[in-house]
Amino acid sequence: MTKKQKNLLQRVIAAGLMMAVLVFLPLKEYPVLRFILFMVPYLTVGHDILRKAWKGILHRQVFDECFLMAVATIGAMALGEYTEGVAVMWFYQIGELFQGIAVGRSRKSITELMDIRPDYANIEKEGEISRVDPDDVEVGSLIVVNPGEKIPLDGLVEEGESVLNTAALTGESIPRKARPGDEVISGCINMSGVLKIRTTKKFDESTASRILDLVENASSRKSRSEQFITKFARVYTPAVCYGALALAFVPPLVRLLMGQAPLFGDWIYRALTFLVISCPCAIVVSIPLSFFGGIGGASSQGILIKGSNFMETLSQVKTVVFDKTGTITRGDFEVIDIHHGTLPREELLELAAHAEGHSSHPISQSIQRAYGKKVSLDRVSQVEEISGKGVKATVDGKRVAVGNMRLMEHQGIEGIDCHETGTIIHTAVDDAYTGHLVIADRIKDGAAEAIEDLKRTGVRETVMLTGDLKETAEAVARQVGVGRVCAELLPDQKVKVLEELLAKAGKNEKIAFVGDGINDAPVLSRADIGIAMGALGSDAAIEAADVVLMDDDPRKIGKAIRIARKCLRIVYENIFFAIGVKLICLLLGALGIANMWLAIFADVGVMVLCVLNAIRCLRVKNL
Amino acid sequence: MKKTYKIEVDCANCANKMEEAAKKTAGVKDAAVNFMALKMKVEFEDGADVDAVMQEVIKNCKVVEDDCQIFL
């Protein structure tokens, strides 16, 4: 609780006690004393509201909550309804107190969820270590991170080996290794060894600060429901005030003209009830609170949503378009099969790996990885790369050729075609065909599950775009269950395909594009909502996308959509509930059925319920 | 140029009003108040005197909501 809230709580308690005594005192016969005695709790609990209302009038900012409360309570006091006058103020203040505490709490729990802000950095200078504010660390400084500490700034490991926990950034605790030369990012927790890191970025450009900044600023981009509420509040409060004024004077005057008793007191009481009911605070506070909670909850799961407006769009996604590489497949190649002839499998792989030993091409790298042992280059001589075909080399005195079919033709060797999809690498030793390796991009763990999950969540269409060959693409699509494939696309054609989809989509059927953020920025920004995956450490991806998945788990897409749906459902619940209850109570108040007590419920009670409902947005872990 | 300031305000509706007031201040191109983060983001017109403009913003915000603070 803040100092202000403690003070208010004391005042509320004091006024409550006074009222409990006053109600039972026999004061009927002493009207003046009664008035004075009731003014004590009234002013104790409500003096700040009266002051604010007065200042509002001076500043010509008449129609705010304080004004409504001041008019309603002063009016009740003037009508001699002392108990109700004080009670309305009392409940209003309790509501304010509760709202303040609830908002403060959720602010705090969101900050705790996003507990990645480093408090200090250990800087090493001339052999001495001193603890400083991370803001004061210059680029190129050497910092020391002990086990259990957060890495404060992005940098390169210079000394030491350790395991890092990225849970605070990605929502998953998959440990990462850090060795000298590795790039490490701020916000990770150092688990085992002492690391010495040469910083490469200033604090406010480091990953941790950028992510926090993003989350905090996310609610500045307002959603349509928030804009609606802002506009609504602007029209609503004056409308209600004039309504109350009319209610207070029109019916009695009409009655007077018709020759009946005007019953001014009765109608003014109704008008005051009307004013109490009308406070817009329940809606105005609960909507941003819901979005803030949703965005905070999502970020604790490694999903950064860059604005409330994107939260809204995300909840309406009906089509998800994937860029194949980096989202469904891992973007690195792997030897998935070896069709060997006369030579044993291991020996073929050994010869191929050595012949390719000089090359850094992804395909060559995958063969070397599949071999698994260290390639000793002194066994290799007479390496000759034939551009677009492959490599010839002498390994252990044998003439080895490794490459595509054209290399085989070039060497006058008859190769055997392969039925599998992927890149086929043929081999020949001493001019005799020895079989081929099948190399393909690996499908990500969980890709098929992610597509299934999206369909369950209510995404109607999944589309995969790729520059790859049709057969390869279709094979991948079949394995993971993607509905539609557009293959052999050039980068600008991807935008075109997306635009066709956009043109076909209905009004509330949004299209999300998922990419790895590396070279699909135009498509990311063209889609209704751009989702970048595996963004940990990639500034470009964080910049280009509307939603950023910190790790590269495709299952997070469905989760992000579900979080957005939950958040929006709560937002609509609150809007309909609050406006609905208020309208009903307003009607009952105007008809004279609702009294001040119901009015207090319609104001404070509805606000409390809406805030409690909004806080549910924070709980997204098991979605 | 954009700058972010920490603010102190009690109610969400008041935060909206502060945003409106800041937007209308001369020298301010755009402003956004984030009630949950208690931050005000101000985008200044080119060549505006930031300190002077912010004094005006504070004055205008005080008019719509007396009980608010902006920490420069």
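Here are some exercises on this predicted model, each with a worked solution.

Residues are numbered from 1 along each chain as its sequence is written, while chains are lettered from A and ligands numbered from 1 in the order in which they are written. Since this is a predicted model, local features need pLDDT of at least 70 and side-chain atom pairs count only at pLDDT 80 or more, but totals for chains, interfaces and linings use all residues.

**Exercise 1. Find out how many helices and strands chain A has, and how spread out it is.**

Step 1: Chain A has 20 helices and 22 strands. Both are DSSP runs numbered from the N terminus: H or I of at least four residues for helices, E of at least two for strands.

Step 2: Now take the radius of gyration, worked out over C-alpha atoms, and the globule rule, which is 2.2 Å times the number of residues to the power 0.38. For the 623 residues of chain A the rule gives 25 Å, but the radius is 34 Å, well over that, so chain A is more spread out than a compact globule.

Step 3: The C-alpha trace of chain A spans about 120 × 65 × 35 Å along its principal axes.

**Exercise 2. Work out which side of helix α15(A) is buried, and what that side packs against.**

Step 1: Look along residues 470-480 of chain A, where Ala473(A), Val476(A), Ala477(A) and Val480(A) are buried. Buried means that 20 or more other C-beta atoms lie within 10 Å of a residue's own; with 12 or fewer it is exposed, and in between partly exposed, with C-beta atoms placed from the backbone.

Step 2: These buried residues cover an arc of only 100° around the axis, which puts them on the same side of α15(A). The arc is that of the directions from the helix axis to the C-beta atoms. Handy background: an α-helix has 3.6 residues a turn, so residues three or four places apart point the same way.

Step 3: Turn to the face pointing away from the buried side, and you meet the exposed residues Glu471(A) and Arg478(A).

Step 4: The buried residues of α15(A) pack against several elements of chain A, including β12 (329-340), β17 (432-443) and α14 (447-457). Contact means that the C-beta atoms of two residues, placed from the backbone, lie within 7 Å.

Step 5: After α15(A) comes Gly481(A), with a positive phi near 90°.

**Exercise 3. Decide whether Ala53(A) is buried or exposed, and list its contacts.**

Step 1: Ala53(A) sits in helix α2 (residues 31-58) of chain A.

Step 2: Count the C-beta neighbours inside 10 Å: there are 23, so Ala53(A) counts as buried.

Step 3: Skip neighbours within four places in sequence, and Ala53(A) is in contact with Cys66(A), Phe67(A) and Ala70(A).

**Exercise 4. Trace how β14(A), β15(A) and β16(A) pair up.**

Step 1: β14 (residues 390-395) and β15 (residues 398-403) of chain A pair in the antiparallel sense over six bridges. To pair, two strands need at least two bridges between them, as found by DSSP.

Step 2: One partnership here joins Val395(A) to Lys398(A) in β15(A).

Step 3: This hairpin has two residues between the strands, and Asp396(A) takes a positive phi near 50°.

Step 4: β15(A) also runs antiparallel to β16 (residues 423-429) of chain A, joined by four bridges. There, Val402(A) has Thr427(A) in β16(A) as its bridge partner.
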